Amino acid sequence: MFFSAVRRIGVTLFFLVAALLAQATAQDLGKAPAGVIADQQEVIASLASKVDALQKKVEENSEDDAGLVDIRLQLEELSRSLLQSAVAFRPRLNEINARLEQLGKPPAEGKPPEAAVVTSERENLTAEKAEINAVLGVAENLSIRIDKLTGQITEIRRHLFQNLLTKRYEINFALAFEVMQAFKAEMTDLYSTVSSWIRFVVSFKLKSMLAATFCALAAAAVIIIGGRRMFGRLFEADSRVEEPSYLSRLSVAFWSTLMQTSALVVFLGVTYFLFDYFAVLRGDIGSMLSSLFYVIAIVFFVSRLGMAVLSPKLPNWRLIPVESGAARWLMLLIIATAFFTGLDYFLSSVYQVLGSPVALTVGEALASTVIIGVLVVLIGLVKPFVDEDGRPKPWPRLIRYVLLTLGGVTIVAALLGYIGLARFVSQQIVVTGAILATMYIGFLSSQAINEEDAFIKTTVGRRIKRMFALDDTTLDQLGLVTSIVINLLVLVVGVPLILFQWGFQPGDMITWLYRIGTGFQIGSFNFSPAGILSGIVVFALGYFLTRWFQGWLDGSVMARGKVDAGVRNSIRVAVGYAGVALAGLIAISAAGIDLSNLALVAGALSLGIGFGLQNVVSNFVSGLILLAERPFKVGDWIVAGAVSGTVKKISVRATEIETFQRQSVILPNSELINSAVGNWTHRNKLGRVDIKVGVAYDSDVKRAYEIMLDIARSHPMVLKNPEPFVLFANFGPAALEFEIRFFLADLLGSNTVQNDIRFAVIDAFARAHIDIPSTARAHDTKPAEKWPADDEQVEAQVAEVEEARSKRAAEATAGRKPGKSKKPDPE
């Protein structure tokens, strides 16, 4: 009775505790997500208000391309935040769905009712799920709205660019009079604006301006001095060199243009930044000064590029074989084209700041673009080359036609009133043309450095060789790396500059880089270059860490522990494969590759293994077995079939054995597993050596036995335990056969010991007059005649010979006279 009462009380308490825990769990499931929903609702509401503000900005900046790009970047950031907010509900939705699946569906009509707590929990979870879905619906609508605004911005920017190129202005004689009057008034305003700023700077900001200018000069000097120290002769052409190589000319042209232009750009950029930082600039002066700096940089860049390519003063350093007079004429035309292009850009910025009339902007752009077009046509009409007869020769037909077409299009577009198109074409001719020319020179320099032994002959190559004592092969490989780096540098610098000239904004490139980095969809596969790159970096780090750990484990831990060389090799190989496999798995995860997508590839690979890769897999598995069981190790003397030698390397596919003739034999591991392998040094290098000796029958056998035993015992390398032994093996056909048997601590040195003992036996037997008989040689015995293969044939031949002999004897007898004998002929 007592125990039954205790049992009832225990069961009652158990169910009571279970009910309380279930209720608490239900309350927690209901309370915890309420905070998540409220938080995400606030986040989504905040994002919606920001989208409203950006929509108003789109309407306000409908004429500002850079402002529209900035708004688009903000919208894309809001889209990513919205996605993160939606993802925050995913864990809670998974919990709700899992719990609803556990609770099951409500009982049908006619079925026993379920517990009230279960019904209440299901209703609460269902209501919460509906609330989350409602919030996700709001987020989805906001995401659609953001996408529409982004598309609207793209369409507005397309219309802005189209209007810039296709808008037509009225060109007539009245425009000239209006332009002259407006130009005079605007120049007066410009003078007063600049003079007032100069007075302000001299009175209040002179020290700040001088300090900023000094810092900018120091920054530019660092580039110039560092470039001269690093590149040396590549920085400028050497007039003392009469016949510079093509690589030297390319290098000087590329690096002198790049480094000097970079120094000027750094000077101008640091100057503007510090002027703005120290409040030296006003808003209007800042806009005009930035335009002026841009023009100075462009004109300097084009002039430096022209000097590098044409080299009017140093004909030997020209990249294009033009005449000196034509080079000077081309140089003048190129600088003039760059100057008028920059002047047009600067004046348009000034007119925009001053709020000048549109007529002045149109008139100035008309004059500038027509002049630029004429200059381009003149460049196309120049005859820079000389033919075989010494007469001037024009540009190649394609280049000449391109120059004449571009110049003509610029002039015609300007005269027809398409000022935007004419200005755009003229700017691309100068700026984009200069950038493309520099990129082309950079690619040519990279290609020249990539030639065999080309980098070794350069100044940088010789300097690196002296500093690091590198051989020519390493320097040649370094030249290949340098070529790749130059190509990447040209692309990274040149392509963005060209895109800027064609109307793209930095925000566009940031968006492209982000999309490339985050990945894009190809079918069902999400390809992410940034993920792939991170995976490669992770694998490289894992690989080098594995190699470092292998070296540390082998050289520091196992070497100090006096671990056997074979054990060290097995552990080192196993650690290496395990480390590389682990690095590969981590790299795949870092790259974001879903291994489930490779199921089809894995199936095809399995089929290939089943048919074509059986031997490879068999050798691989056999190699793992050899490394684990270690029937032999590196350094062992093994015999595998007809191969006998020392194990040099055990890999997962094959084992390298070096014979005693220094021949390397590569044996597949499966042969070593499936066949018998003899190992002379499996547990240790201790082993027995047998030397056969023959003693003549008439010799003192016991004396010979004692001599051989003494010789074996007296050798220093023969072990005393087990002691040597001489075996009387057999009564041979020519000698009494003995075997000297002894043990060595290291069988690998047995040949030397055998030689010593054999020589000692010969010397000792000679002193004791004990003969070592030799076996009978082949030429001392006459081989027995073979029985004829056909006895009847031989008998017939013998009978014929006897019959012929009898006939000759009879004929000789018949020819003699009776009673007389034939005398011999006289000599």
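## From an exposed loop to the helices

Arginine 662 sits in the loop that links strand 7 (654-659) to strand 8 (664-668). The model is predicted. In it, the phi of arginine 662 is near 65°, a positive value in a residue other than glycine. Arginine 662 has a relative accessibility of 63%. The cut-off for exposed is over 50%, so arginine 662 counts as exposed.

Serine 311 makes a useful counterpart. Its phi is near 45°, again positive in a residue other than glycine. Serine 311 belongs to the loop between helix 7 (283-310) and helix 8. Its relative accessible area is 8%. Buried means under 20%, so serine 311 is buried.

One more loop deserves a look. Proline 722 lies between helix 20 (701-714) and strand 11 (725-731). The peptide bond joining asparagine 721 and proline 722 is cis, with omega about 0°.

Now the whole protein. It has 22 helices and 12 strands. Of its 827 residues, 34% are buried. Take the contacts between residues at least 6 apart in sequence: 70% of them join residues at least 24 apart.

Isoleucine 44 gives a local example. This residue is in helix 1 (residues 2-60). It is buried, at 6% relative accessible area. Beyond residues up to four places away in sequence, isoleucine 44 touches Leu82, Ser85, Val135, Val138, Ala139 and Leu142. Its C-alpha atom is 9.0 Å from that of serine 81, although the two residues are 37 residues apart along the chain.

Next come the helix pairs. Helix 8 (residues 324-354) and helix 9 have axes that come within 9 Å and cross at roughly 165°. Angles over 145 degrees count as roughly antiparallel, so helix 8 and helix 9 are roughly antiparallel to each other. Their crossing is left-handed. On the helix 8 side, the residues that meet helix 9 include Leu330, Leu333, Ile334, Phe340, Leu347 and Tyr351. On the helix 9 side, they include Leu360, Ile371, Leu375, Leu378 and Ile379.

Helix 9 (residues 358-381) also packs against helix 11 (residues 419-449). Here the angle is about 45°, and the axes are 9 Å apart. Helix 9 and helix 11 are therefore oblique to each other. This crossing, too, is left-handed. Helix 9 makes the contact through Thr361, Val362, Glu364, Ala365, Leu366, Thr369, Ile372 and Val376. Helix 11 answers with Ile419, Ala422, Arg423, Ser426 and Ile429. Among the helix 9 residues, Thr361, Glu364, Ala365, Ile372 and Val376 appear in this contact and also meet helix 8.

Helix 13 (residues 472-501) offers a check on length. At 1.5 Å a residue, its 30 residues should span 44 Å. The end C-alpha atoms are 43 Å apart, which agrees. Buried residues in helix 13 are Leu475, Gly479, Ser483, Ile486, Val490, Gly494, Ile498 and Gln501. Glycine 503 follows the helix, with a positive phi near 100°.

Helix 15 (residues 529-560) can be checked in this way as well. Its 32 residues should span 46 Å at 1.5 Å a residue. The end C-alpha atoms are 45 Å apart, which agrees. Yet helix 15 bends, by about 30°, at leucine 553. Leu553 is buried. So are Gly531, Gly535, Gly542, Thr546, Gln550, Asp554 and Met558 of helix 15. After the helix comes lysine 562, with a positive phi near 55°.

Note on methods. Residues numbered from 1 in each chain as written. Predicted model: local features only at pLDDT ≥ 70, side-chain atom pairs only at ≥ 80, totals over all residues. Heavy atoms only, no water. Helix = DSSP H or I, 4+ residues; strand = E, 2+ residues; numbered from the N terminus. Expected span 1.5 Å × (residues − 1). Bend = angle between axes of the 7 residues up to and from the residue. Buried < 20%, exposed > 50% of the residue type's maximum accessible area, 1.4 Å probe, protein only. Axes fitted to C-alpha atoms, helices over the stretch in contact; angles between N-to-C directions. Parallel < 35°, antiparallel > 145°, perpendicular 65-115°, else oblique. Left-handed = near helix turned anticlockwise from the far one by under 90°. Contact = heavy atoms within 4.5 Å.
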